[in-house]
Amino acid sequence: MMRWTEFAAKEARQTLAAWEARIGALQPPIAVEDLADLLYLLAIDTTSDLPSTLAGRLYAEQRIIEVRRSDHSQRQRFTIAHEIGHYRLHVIAEGIQQKYDCSTESMSVLDGIVSQNLSLPECTLPKGLNNSKPANLDLRRREIEANTFAAELLMPAHLIEAAVYRDGVNINHLANLFDVSRQAMRYRLEKLLFLPTPNAQMNFFTDL
């Protein structure tokens, strides 16, 4: 059976292939807002009206992604990619038509590892579900998938590899090139084995 992260990564790569077929050869940084619009008809609303606990929100039926205006551009880009992941993986593939409220302060989910002490954009558990293991697990699964999708979408492996072979493993340069945080790029380079992994539970979403 395919792991959650493998499924999400595969779907992100298929999304990138469809985007490349539309616009030509991919170049960093990935134009995530244009991709959301032209591939999935998702409108981006940069707003100051989100609750303080939320980094973003997806209205699945209305096809609207809300992102926090006060967040820096790299976090906004990740939030958009994360919500595209929800739309592709959970609205289209699973038929889960709902609103996704994506928090920066709830439980952290990273590549199958769950920690209570880390922070990243993810969907807040509805009240009353904290002690419901099946529901809790399913929500965590969706967040693992959406985060994996976002990382694959913003930092495609073949573009990272080409940049590393051309310019070397320079985290600052690569982060600027792909318009992601330095911590996000470090994590991606570890996943692609260009850097050693000092801590299996490192969370790149903290600095987004």
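Glutamate 11 forms a salt bridge with arginine 88, and their closest N and O atoms sit 2.7 Å apart. That pair ties together distant parts of the chain: glutamate 11 belongs to helix H1 (residues 4-23) and arginine 88 to helix H3 (residues 73-92), 77 residues apart. Keep in mind that this is a predicted model. Lys10 joins in too, as Lys10, Glu11 and Arg88 are linked in a network of salt bridges.

The structure holds eight salt bridges. Here are some of them, with the relative accessible area of each partner.

| Acid | Base | Closest N and O atoms |
|---|---|---|
| Glutamate 11, buried, 8% | Arginine 88, buried, 16% | 2.7 Å |
| Glutamate 66, buried, 13% | Arginine 57, buried, 11% | 3.5 Å |
| Glutamate 145, buried, 3% | Arginine 141, buried, 12% | 3.1 Å |

Glutamate 145 and arginine 141 make their bridge inside one helix, H4 (residues 133-154), where they are four residues apart, about one turn. Residues three or four places apart point the same way in an α-helix, because there are 3.6 residues a turn.

Now for helix H5, residues 157-167. Which of its residues are buried? Leu159, Ile160, Ala163 and Val164 are. Looking down the axis of H5, these buried residues fall within an arc of 135°, so they line one face of the helix. They pack against helix H6 (171-178) and helix H7 (182-191). Over on the other side of H5, Tyr165 and Arg166 are exposed. Just after H5 comes glycine 168, with a positive phi of about 90°.

Notes: Residues are numbered from 1 along each chain as its sequence is written. This is a predicted model: local features need pLDDT of at least 70, side-chain atom pairs count only at pLDDT 80 or more; totals for chains, interfaces and linings use all residues. Side-chain values use heavy atoms; hydrogens and water are left out. Buried means under 20% relative accessible area, exposed over 50%, partly exposed in between (1.4 Å probe, protein chains only). Helices (H or I, at least four residues) and strands (E, at least two) are DSSP runs, numbered from the N terminus. The arc is that of the directions from the helix axis to the C-beta atoms. Contact means heavy atoms within 4.5 Å. A salt bridge is a side-chain nitrogen of Lys or Arg within 4 Å of a carboxyl oxygen of Asp or Glu.
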